[in-house]
Amino acid sequence: MRWVVDLCYLVFLVFASPVLLPGMIRRGRHRTDWSARFGRVPATARRHRKAPRVLIHAVSVGEVNAIRGLIPRLHASGIDVVIAVTTDTGFQRASTLFGSHHEVVRYPLDLSWCVGRFLRAVSPDAVALVELEVWPNFVSACRRRGAPVQIVNGRLSDRSMRRYRRFRWFISPMFRKIDRVGAQDAAIADRFRALGVPPDRIAIDGNMKWDNAQLRAGVDGSDEFLRSMGIDPERPLIVAGSTAPEEH
């Protein structure tokens, strides 16, 4: 099956490369660490260790920020944690947050030989995928190695669900291999169930991002900022924290 998946990837790359390559060059993404993308990890990540090792895959900055509370707990329990990240910005953020105590590596392309090389080097005892990011060759390779795969802070939008349903014949066997899903809410749990995850492997754990929130009565410099902006602290204030052009 993995060779069939590899063939599908390669056929897609051949036909999509005229569109993908110019975009990568325009954004500078062709300068990425290709050696790591093909499954090679630093020697420090292959070091001998006595403690159990958990590999956590966080795609980008948002997922990396979501596990800020999880990593210290695992570390305090004596678990050796390796964080695998996909994007350049996510890699930089993970290195800043966790690099002093944990190995941060690139997540490999989902080609069977890249995944095999990566997992042989890191040799995890268990794997946690943050929010979603389920790839067929990677999940299958973990199962063959006896490393259980869990989705933490599981998130699956209705839009993604509709897209996955079109390829359910291909998607469902992959989702059935997931050992546990910690979904953010009941609606998301139902979507994972519909894609093939057995109901007894799904739990509603809430949103890990809220675990990292810190409530404070005030912030240093806030009074001066309000005065400079002419904001009345006694009136409600709405902040549009992320808007696209013309959305205002």
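**Pockets, a patch and salt bridges**

Colleague: Hi! How do the residues that line the second largest pocket divide by class: nonpolar, polar and charged?
Modeller: The lining of the second largest pocket has four nonpolar, six polar and four charged residues. Keep in mind that this is a predicted model.

Colleague: Sure. How much space lies in that second largest pocket?
Modeller: The second largest pocket holds about 260 Å³ of space. Its lining is made of 14 residues, and Gly-69, Leu-70, Arg-73, Met-208 and Asp-211 are the closest to its centre. Helix H4 (70-76), strand S5 (149-154) and helix H11 (208-211) are the elements that each give two or more residues to this lining.

Colleague: And which element gives the most there?
Modeller: That would be S5, with three residues in the lining of the second largest pocket.

Colleague: OK, on to the largest pocket. How much space lies in it?
Modeller: About 2000 Å³. Its lining counts 44 residues, and the ones nearest the centre are Tyr-9, Phe-12, Leu-109, Glu-133 and Trp-135. Two or more lining residues come from each of H1, helix H2 (34-37), helix H5 (88-98), helix H8 (158-165) and helix H9 (168-175).

Colleague: Which of those gives the most to the lining?
Modeller: H1, which gives ten residues to the lining of the largest pocket.

Colleague: Same class question here: how many nonpolar, polar and charged residues are in the lining of the largest pocket?
Modeller: There are 28 nonpolar, seven polar and nine charged residues in that lining.

Colleague: Let's go to the surface. Which residues make the nonpolar patch?
Modeller: The patch covers about 880 Å² and is made by Trp-3, Leu-10, Phe-12, Leu-13, Leu-20, Trp-34, Phe-38, Leu-109 and Trp-113. Helix H1 (residues 2-27) supplies the largest share of it, five residues. Phe-12 and Leu-109 are in the patch, and both are also among the residues nearest the centre of the largest pocket.

Colleague: Where is Trp-113, then?
Modeller: Trp-113 sits in helix H6 (residues 112-122).

Colleague: And why does Trp-113 count as partly exposed?
Modeller: Because its relative accessibility is 40%, and partly exposed covers the range between under 20% (buried) and over 50% (exposed).

Colleague: What about Leu-111, buried or exposed?
Modeller: Leu-111 is buried, because its relative accessible area is 7%. This leucine lies in the loop between strand S3 (103-106) and H6.

Colleague: How far is Leu-111 from Arg-235 in space?
Modeller: Their C-alpha atoms are 55 Å apart, with the two positions 124 residues apart in sequence.

Colleague: Since you mention that end of the chain, is Glu-234 buried or exposed?
Modeller: Glu-234 is exposed, at a relative accessible area of 72%. Its place is in the segment after helix H12 (222-229). From the C-alpha of Glu-234 to that of Thr-32 the separation is 49 Å, for a pair 202 residues apart along the chain.

Colleague: New topic, charges. How many salt bridges does the structure hold?
Modeller: Eight salt bridges. One of them pairs Arg-37 with Asp-88 at 3.8 Å, N to O. That pair links distant parts of the chain, as Arg-37 is in helix H2 and Asp-88 in helix H5, 51 residues apart.

Colleague: Is Arg-37 buried or exposed?
Modeller: Arg-37 is buried, with a relative accessible area of 12%, while its partner Asp-88 is partly exposed at 31%.

Colleague: What does Arg-180 form a salt bridge with?
Modeller: With Asp-205, and the closest N and O atoms are 3.0 Å apart. Here too distant parts of the chain are linked: Arg-180 is in strand S6 (residues 180-183), and Asp-205 is 25 residues away in the loop between strand S7 (202-204) and H11. Arg-180 is partly exposed at 28%, and Asp-205 is partly exposed at 46%.

Colleague: How far apart are Asp-190 and Arg-193 in their salt bridge, N to O?
Modeller: 2.5 Å for that pair. Both residues lie in helix H10 (residues 186-194), three residues apart, about one turn of the helix. Asp-190 is partly exposed at 44% relative accessible area, and Arg-193 is partly exposed at 34%.

Colleague: Last one: which residues do salt bridges with shared partners join into one network?
Modeller: Arg-37, Asp-88 and Arg-106.

Conventions. Residues are numbered from 1 along each chain as its sequence is written. This is a predicted model: local features need pLDDT of at least 70, side-chain atom pairs count only at pLDDT 80 or more; totals for chains, interfaces and linings use all residues. Side-chain values use heavy atoms; hydrogens and water are left out. Patches are made of residues with over 30% relative accessible area and no salt bridge: like charges are joined within 9 Å, nonpolar side chains (Val, Leu, Ile, Met, Phe, Trp, Tyr) within 5 Å. Accessible areas come from the Shrake-Rupley method with a 1.4 Å probe; for residues, only the protein chains shown count as cover. A salt bridge is a side-chain nitrogen of Lys or Arg within 4 Å of a carboxyl oxygen of Asp or Glu. Helices (H or I, at least four residues) and strands (E, at least two) are DSSP runs, numbered from the N terminus. Buried means under 20% relative accessible area, exposed over 50%, partly exposed in between (1.4 Å probe, protein chains only). On a 1 Å grid over the protein atoms alone, a cavity is a set of points where a 1.4 Å probe fits but cannot get out, and a pocket is an open set with protein on both sides within 12 Å along at least five of seven lines; lining residues have an atom within 4 Å of a point. Grid points are joined across faces, edges and corners, and a volume is the space filled by probe spheres set on the points. Ala, Val, Leu, Ile, Met, Phe, Trp, Tyr, Cys and Pro count as nonpolar, Asp, Glu, Lys and Arg as charged, and the others, Gly among them, as polar.
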